[in-house]
Amino acid sequence: MHGRCRASFLVPFAMPTPWRSSAEVFAQILRRHGVDPSAAADVETAWQAFAEFAQVEVDGIDQPDTDADGFMIQWGRYSWNNRRPSLSFTRQLAVIDTGDRGRQAEIWHVDLQMCFDDGPDLIGIDSPRPSDIDISFDPIGPSRAAKLAEMRLNMLRHPQLHAMWRAEPVSSDLSFECF
């Protein structure tokens, strides 16, 4: 049995997770890290749980070697959360039910969105910047772990994102939706 757990990017699940259960799996990982999906209190801990979830193999992905399984970080102010500053950790899955191979893949998001109170450190979070999203389709394993680490560092270089990282969210929500 030794040798199966050589690095932190290895998945604790023996079998791939069915895509329809992926939000439940993320919720379990969040809770194991001490994060309530509907009341996240610490962004760093939520990120650690997300980084673990991003490494979980998901069954039912359309052509797993393509951009059918990825993750993204989004931030800004949106109408659906009363224009509060928000930060989202999202896993994007392109899936096709086994009986529907002739159909185009559906895009599903497992998304943890955290909202914050306004403060002087968050002024400009909605102003144009090079990007308000960072996305990756690196494969599960060392390459994905490296991209997750790079994204975290890039986020912390933005003053407003760094401020969010240190702030306690006023609300959070875990969702699972088709786009």
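**Close-ups of a predicted fold**

**View 1. Helix H4 and what sits over it.** The cover over the buried residues of H4 includes H2, E3, E4 and H3. Contact here means heavy atoms within 4.5 Å, and buried means under 20% relative accessible area, exposed over 50%, with partly exposed in between (1.4 Å probe, protein chains only). The H4 residues that count as buried are Gln 160, Leu 161, Ala 163, Met 164 and Trp 165. Helices (H or I, at least four residues) and strands (E, at least two) are DSSP runs, numbered from the N terminus. Keep in mind that this is a predicted model: local features need pLDDT of at least 70, side-chain atom pairs count only at pLDDT 80 or more, and totals for chains, interfaces and linings use all residues. Residues are numbered from 1 along each chain as its sequence is written, and side-chain values use heavy atoms, with hydrogens and water left out.

**View 2. The whole chain, for orientation.** You'll find 4 helices and 7 strands here, in the order β-α-α-β-β-β-β-β-α-α-β from the N terminus on. Of the chain's 179 residues, 44% count as buried.

**View 3. Strand E3 and its two partners.** E3 is largely enclosed by the rest of the structure, because 8 of its 9 residues are buried. Strands pair if DSSP finds at least two bridges between them. E3 and E4 do so in the antiparallel sense, over 9 bridges; Gly 70, for one, has Gln 92 in E4 as its bridge partner. E3 also runs antiparallel to E6 (residues 133–136), joined by 4 bridges, and there Phe 71 stands opposite Ser 136.

**View 4. The largest nonpolar core.** A nonpolar core is a set of buried Ala, Val, Leu, Ile, Met, Phe, Trp, Tyr and Cys residues joined through side-chain atoms within 4.5 Å. This one has 35 residues, and Trp 47, Phe 50, Ile 73, Leu 87, Phe 89 and Met 114 touch the most other members. H2 is the top contributor, with 7 residues. Another core, of 8 residues, lies apart from it and has Val 58, Ile 61, Leu 93 and Trp 108 among its members.

**View 5. Leu 87 up close.** Leaving aside neighbours within four places in sequence, Leu 87 is in contact with residues including Val 43, Ile 73, Trp 75, Leu 112, Met 114, Met 155, Leu 161 and Trp 165.

**View 6. Asn 82 in its loop.** Asn 82 is in the loop between E3 (69–77) and E4 (85–95). Asn 82 counts as exposed because its relative accessibility is 70%. From Asn 82 to Cys 115 is 33 residues in sequence and 9.6 Å in space, C-alpha to C-alpha.
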